[in-house]
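Student: I am new to this structure, and I would like to understand how the names given to its contacts are justified. Could we go through them one at a time?

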Amino acid sequence: MIDSTLVDGHAIAAGDFSRTGRDDIIVGERGGKRGVYLYRLENDVTDSWSKTPLDAGGMTAAGCAVADLNGDTRPDVICIGSATANLKWYENRP
């Protein structure tokens, strides 16, 4: 279990956003606070994860994908919102 506080967690995707050789996890929350979050494993011995909001309140992510959208060799995230009726690109900047 990474996060038991999500309400209607729906979208999930993975990518090495920090270039550590280990995938991070992107999760969308359609209910509750509505958002998109990045989870990064901080300690694999204690199985502790950090949570960073990519979008707090502006996205009810029904689906997310990971791809290098701008050709800079870093994976970006794109999500589509159901109740928010939007499509957002979260650019992975250095």
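Tutor: Let us begin with a charge and a ring, keeping in mind that this is a predicted model. The charged end of K51 sits over the ring of Y37, at 4.3 Å from the ring centre.

Student: What makes the charged end of K51 count as sitting over the ring of Y37?

Tutor: The rule asks for NZ of Lys within 6 Å of the ring centre and within 35 degrees of the ring normal. For K51 the distance to the centre of the Y37 ring is 4.3 Å, which is within 6 Å, so the distance part of the rule is met.

Student: Why is the contact between K51 and D3 called a salt bridge?

Tutor: The name requires a side-chain nitrogen of Lys or Arg within 4 Å of a carboxyl oxygen of Asp or Glu. Between the side chains of K51 and D3 the N to O distance is 3.0 Å, and because that is within 4 Å, the pair qualifies. K51 lies in strand 4 and D3 in the segment before strand 1, so the pair ties together parts that are 48 residues apart in sequence.

Student: How do you know whether K51 and D3 are buried, exposed or partly exposed?

Tutor: Buried means under 20% relative accessible area and exposed means over 50%, with partly exposed in between. D3, at 17%, is therefore buried, whereas K51, at 38%, is partly exposed.

Student: What makes R40 and D24 a salt bridge, and which of the accessibility words applies to D24?

Tutor: The closest N and O atoms of R40 and D24 are 3.2 Å apart, which is within the 4 Å limit, so this pair also earns the name. R40 belongs to strand 3 and D24 to strand 2, and the two are 16 residues apart. D24 has a relative accessibility of 2% and so counts as buried, while R40, at 24%, is partly exposed.

Student: How many salt bridges does the rule give, and how many aromatic pairs?

Tutor: The count comes to six salt bridges, and it comes to zero aromatic pairs.

Student: Which residues make up the largest nonpolar core?

Tutor: That core has twelve residues, among them F17, I26, L38 and V77. The elements that give two or more residues to this core are strand 1, strand 3, strand 5 and strand 6. Leaving aside residues up to four places away in sequence, F17 touches I26, L38 and V77, and its contacts also include D24 and R40.

How values were computed
Residues numbered from 1 in each chain as written. Predicted model: local features only at pLDDT ≥ 70, side-chain atom pairs only at ≥ 80, totals over all residues. Heavy atoms only, no water. Phe/Tyr/Trp six-rings, centres within 6.5 Å; stacked < 30°, edge-to-face > 60°. Helix = DSSP H or I, 4+ residues; strand = E, 2+ residues; numbered from the N terminus. Buried < 20%, exposed > 50% of the residue type's maximum accessible area, 1.4 Å probe, protein only. Core = buried A, V, L, I, M, F, W, Y, C linked by side-chain atoms within 4.5 Å. Contact = heavy atoms within 4.5 Å.
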